[in-house]
Amino acid sequence: MRLIEGTPLAEDASGTPGFADDFEAVLDDTSVHRSTIGCVIPAYNEEESIAQVIESLLGQTRVPDVIHVVVNNTSDRTVAIASSFAGPHEIVTELGEQFTEVFVHDIGRNPDKKVGALNYGYTLVEGYDYLLGVDGDTVADAKAVEQLEAEATSDSRIGGISAIYSIDDKPIKGAVAKFLITGQRSQFAAFNLHNLLRGRNMAVLGGQFSIFSTQALRDVMAENHQSTPWVKDSEVEDSLLSLQIKSAGYLTKISPFARANVGGMTTLRALDAQQVKWTYGAIELMWPGQRGDTKGQPFHPNLRVRWLENFGMLTNLFVRVAFVALLAGSLSIGAFVFSPWWLLPPLVAILLNTRMALTMQNRNARDILFAVTLVPAEVYMWLRLSYFARSWTRFLSRKKVDNWAMQAKAERGAGLGHWTPLIVLVAVVVAMVVIWSMLGPMVQSTILWIGWPIVGVVTVLQTLSMFFKLIRRQHGYKV
């Protein structure tokens, strides 16, 4: 391990320079009139964003009392760039004069990846009241820490609070990248609004920018016989910790005010790897006894939203695939009869997408066009459906995979797994065409006679669900 520091380290009683004394001094100097916040930034190959992340923390109206950048497995200039901020900082904000100190830790090769970096950081701030977890590509609004702290200190039952997440699309270049980022912005908006309307109960305290009560983390460790808050059994470490915090009797909340922009995926390859990892990890938490020591908790309150998400994706997949198949089959034998009622579901979808776009605080013309033209949103939905299908296929195959490594590989521009859904789709279409051509007219007609009513009923129910979301009060929330 190497430590990059901005000022000489303090000496212990024996006169040997040591990090511990220097760090304890930071804690001792903190005002007793307010809570204390230790910030941990796990960073892996974040040379493009780490400077902006640290600058945004130093520019907060409520600056964290200490900031630890924990660099792991890095192969770029993350350490060198972060080290330029190392050392003490005296900052004057609207809340008065504040002091913080930035420490940079290069822990070298770390087999536990982000989990290992988070746990390392926890050991450095466990004496503080709160741990602020910030990803190495997340930039928060200036009042985010102040707003998270205010709510956390207002209710001792709160174990953790997450900011509202979005993606800053202004620096994004290229048509494909802009399309993917707009889709992710819409996806984040829907997720945030859903949690806000559930009494601001957050199913997942995302590690991008969340504050945790260290007392809650200690209780989680004691209750689950863990030596660290985060465990490597799950590939969605933030989801598992959120379940454990809730099970320990604490609340997991989303702030209606604090906001942060996270790093988005700008290529199909990277988006595929990220979404498959997220969905795969969530399935593991829902499904008992699938992997290692991960305890599946299918009836946990925080997982209800996960079940609803998966059921919704399954319904979307069925309706779209069945509709396209039945439409093609009907046209092939001249049996298709157009009904204006089929225009109603797309119309409701457009209205719902548009209302969602209008709830985005930093919306732009691209967000609105994404919603009202329907086609971009529909294409993005097909992408998400392919990731959903790949996640369940990978999970049910019981093949051991390292989704973290696969995502890192994808973000480097390597790997061809994202083409798998397209290859499978082509193969399935060819097979269906061959099978359909082998069937007699009577069998074809019977399939259409049974299939269309089923798709119609499911579509009606799905449309009603969208309609109720459309007319639901949003209580002035902005995402």
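## Overall architecture

Of the 479 residues of the protein, 50% count as buried, a value that, like those that follow, is computed from a predicted model. The secondary structure comes to 16 helices and 10 strands. Among the contacts between residues at least 6 apart in sequence, 81% join residues at least 24 apart, and several of the pairings described below link distant parts of the chain, including that of Phe179 with Phe370 and that of Phe323 with Trp452.

## Helix H16 and its surroundings

Helix H16 takes in residues 441-471, 31 residues in all, and the distance from its first C-alpha to its last is 44 Å, which is close to the 45 Å expected at 1.5 Å a residue. Its buried residues are Gln444, Leu448, Gly451, Trp452, Val455, Gly456, Thr459, Gln462, Thr463, Met466 and Leu470. The elements that cover these buried residues include helix H10 (304-332), helix H11 (344-358) and helix H15 (420-438).

The packing of H16 against H11 can be described in detail. The axes of H11 and H16 come within 9 Å and cross at roughly 30°; because angles under 35 degrees count as roughly parallel, H11 is roughly parallel to H16. The crossing of H11 and H16 is left-handed. On the H11 side the contact is made by Pro345, Val348, Ala349, Leu351, Leu352 and Arg355, and on the H16 side by Thr459, Thr463, Met466, Phe467, Lys469, Leu470 and Ile471. Thr459, Thr463, Met466 and Leu470 appear in this contact and are also among the buried residues of H16.

## Aromatic pairs

A search of the whole structure finds 11 aromatic pairs. In one of them, the rings of Phe179 and Phe370 have centres 6.3 Å apart and planes at 40°, so the pair is classed as tilted. Phe179 lies in helix H6 (residues 175-196) and Phe370 in helix H12 (residues 365-372), and the two are 191 residues apart in the chain. Phe179 counts as partly exposed because its relative accessibility is 22%, whereas Phe370, with a relative accessible area of 8%, is buried.

A pair with another geometry involves H16 itself: the ring centres of Phe323 and Trp452 are 5.8 Å apart and the planes stand at 80°, so this pair is edge-to-face. Phe323 belongs to helix H10 and Trp452 to helix H16, with their positions 129 residues apart in the chain, and H10 is one of the helices that cover the buried residues of H16. Phe323 counts as partly exposed at 26% relative accessibility, while Trp452, at 18%, counts as buried, since buried means under 20%. Ring pairs also join Phe323 and Trp452 with Phe336 and Trp342 in a cluster.

## Helix H9

Helix H9 (residues 268-286) has 19 residues, which should span 27 Å at 1.5 Å a residue, and its end C-alpha atoms are indeed 27 Å apart, so the expected and computed spans agree. The helix is mostly covered, with 16 of its 19 residues buried.

Two residues of H9 illustrate this covering. Asp272, found in H9, counts as buried because its relative accessibility is 3%; leaving aside residues up to four places away in sequence, Asp272 touches Tyr387, Arg390, Gly417 and His418. Gly281, also found in helix H9, has a relative accessibility of 0% and therefore counts as buried. From C-alpha to C-alpha, Gly281 and Leu240 are 9.1 Å apart in space, although 41 residues separate them in sequence.

## Asparagines with positive phi

Most residues other than glycine have a negative phi, and against that background two asparagines can be noted. Asn45 has a positive phi of about 50° although it is not a glycine, and its place is in the loop between strand S2 (37-43) and helix H2 (50-58). With a relative accessible area of 24%, Asn45 is partly exposed.

Asn73 is likewise not a glycine, yet has a positive phi of about 55°. This residue is found in the loop between strand S3 (66-71) and helix H3 (78-83), and with a relative accessible area of 25% Asn73 is partly exposed.

Note on methods: Residues numbered from 1 in each chain as written. Predicted model: local features only at pLDDT ≥ 70, side-chain atom pairs only at ≥ 80, totals over all residues. Heavy atoms only, no water. Helix = DSSP H or I, 4+ residues; strand = E, 2+ residues; numbered from the N terminus. Expected span 1.5 Å × (residues − 1). Buried < 20%, exposed > 50% of the residue type's maximum accessible area, 1.4 Å probe, protein only. Contact = heavy atoms within 4.5 Å. Phe/Tyr/Trp six-rings, centres within 6.5 Å; stacked < 30°, edge-to-face > 60°. Axes fitted to C-alpha atoms, helices over the stretch in contact; angles between N-to-C directions. Parallel < 35°, antiparallel > 145°, perpendicular 65-115°, else oblique. Left-handed = near helix turned anticlockwise from the far one by under 90°.
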